[in-house]
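I set out to look up how the strands are arranged and where charged side chains pair. My notes are kept in the order in which I consulted the model.

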Amino acid sequence: MSKPETTNTIHPTAILDGKVKMGTGNFIGPNVVMRGNIEIGDNNFIDAGAVLENNVLVGSDNYFYPYAVIGALGEMGLKGDFFNEEGIVRIGNHVTIREYVCIHSPVYRQETILDDYAYLMNKSYVAHDCHIGKYAVLSSGVLLAGRCIVGEHANIGLGTTVHQRRCIGDYAMVGMQSVITRDVLPFAMVAGNPARILRFNKKGVEHKGFESKWLDEVEKFYQSPIHPSNSSDNPLITEINQFLLKYPESLVLYK
């Protein structure tokens, strides 16, 4: 592995305006705009025409493809676009943000968050106050309304639309063109308009090192009418129980 650069490469057409701080080894491409309170770590690649504005905090080893827009004001419709002066868009490490992705600054909370290794495909949209978990994948054209939560390792299919304030649990998989109007249980595979649970997302979970007996139990759980199970020591079932307590409306997804 080659040694990372100790200096930053900034194209002469890039615009850096405001309090812009960066570590080392960063590449800032042509016509990039970094405007406001912007701080980035090390070895980030920010490609042509990307915009980071207002309050954005970025970790290290991230890749921003052309024309991604990060930190624009939260859209509030007839209420008017809103800027929370204390709000931050926080992006972790090893995050990939493809072409024309849009991520808005928070309105109600302190942060809009993308955790480590999140992967956002082209033209996906993350509205104000959303939280994208580690290793989560948003496919092309996914639309998240405000205050949505996407759990770790969740995978959201092409063109899916997610209603505001909805939570998609860890390791859930959402089929393409789905409409999410209720919270999605961890480890579930869902699809449709409105989305319904189809089965246990076993393929998405089994290579993560969970014991086979735990996977078998969860598979049976999703083959029966869903209700909390208090007698199991299975950590996956425990996570589902905790989710049900916090998001009881997710029960209506069962088909």
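The entries below cover the sheet and then the salt bridges.

**Entry 1, basis.** I worked from a predicted model, in which local features need pLDDT of at least 70, side-chain atom pairs count only at pLDDT 80 or more, and totals for chains, interfaces and linings use all residues. I numbered residues from 1 along each chain as its sequence is written, and side-chain values use heavy atoms, with hydrogens and water left out.

**Entry 2, the sheet.** I took strands as DSSP runs (E, at least two residues), numbered from the N terminus, and counted two strands as paired if DSSP finds at least two bridges between them. I found an open sheet of 11 strands with mixed pairing. Its order reads β1-β3-β5-β7-β10-β13-β16-β19-β22-β24-β25. At the edges I noted β1 (9-10) and β25 (195-200); each has a single partner strand, so one side of each lacks a neighbour in the sheet.

**Entry 3, the β24 and β25 pair.** I looked up how β24 (residues 188-192) meets β25: the two run antiparallel and are joined by 5 bridges. I also traced Val190, whose bridge partner in β25 is Ile197.

**Entry 4, salt bridges.** I applied the rule that a side-chain nitrogen of Lys or Arg lies within 4 Å of a carboxyl oxygen of Asp or Glu. The count by this rule is 8 salt bridges. For accessibility I used relative accessible area: buried is under 20%, exposed is over 50%, and partly exposed is in between (1.4 Å probe, protein chains only).

**Entry 5, Arg35 and Glu53.** I found these side chains in a salt bridge at 3.1 Å, N to O. Arg35 belongs to strand β4 (residues 33-40) and Glu53 to strand β6 (residues 51-58), so the pair ties together parts 18 residues apart in sequence. Arg35 is partly exposed at 40%, whereas Glu53 is buried at 16%.

**Entry 6, Asp183 and Arg166.** I recorded 3.2 Å between the closest N and O atoms of this salt bridge. The pair links distant parts of the chain, 17 residues apart: Asp183 sits in the loop between β23 (179-180) and β24, and Arg166 in the loop between β20 (161-162) and β21 (167-168). I noted both residues as buried.

**Entry 7, Lys213 and Glu211.** I found this salt bridge with its closest N and O atoms 3.8 Å apart. Lys213 is exposed at 53%, and Glu211 is partly exposed at 39%. I also noted one network in which salt bridges with shared partners join Lys202, Asp216 and Glu219.

Note on methods: Helix = DSSP H or I, 4+ residues; strand = E, 2+ residues; numbered from the N terminus.
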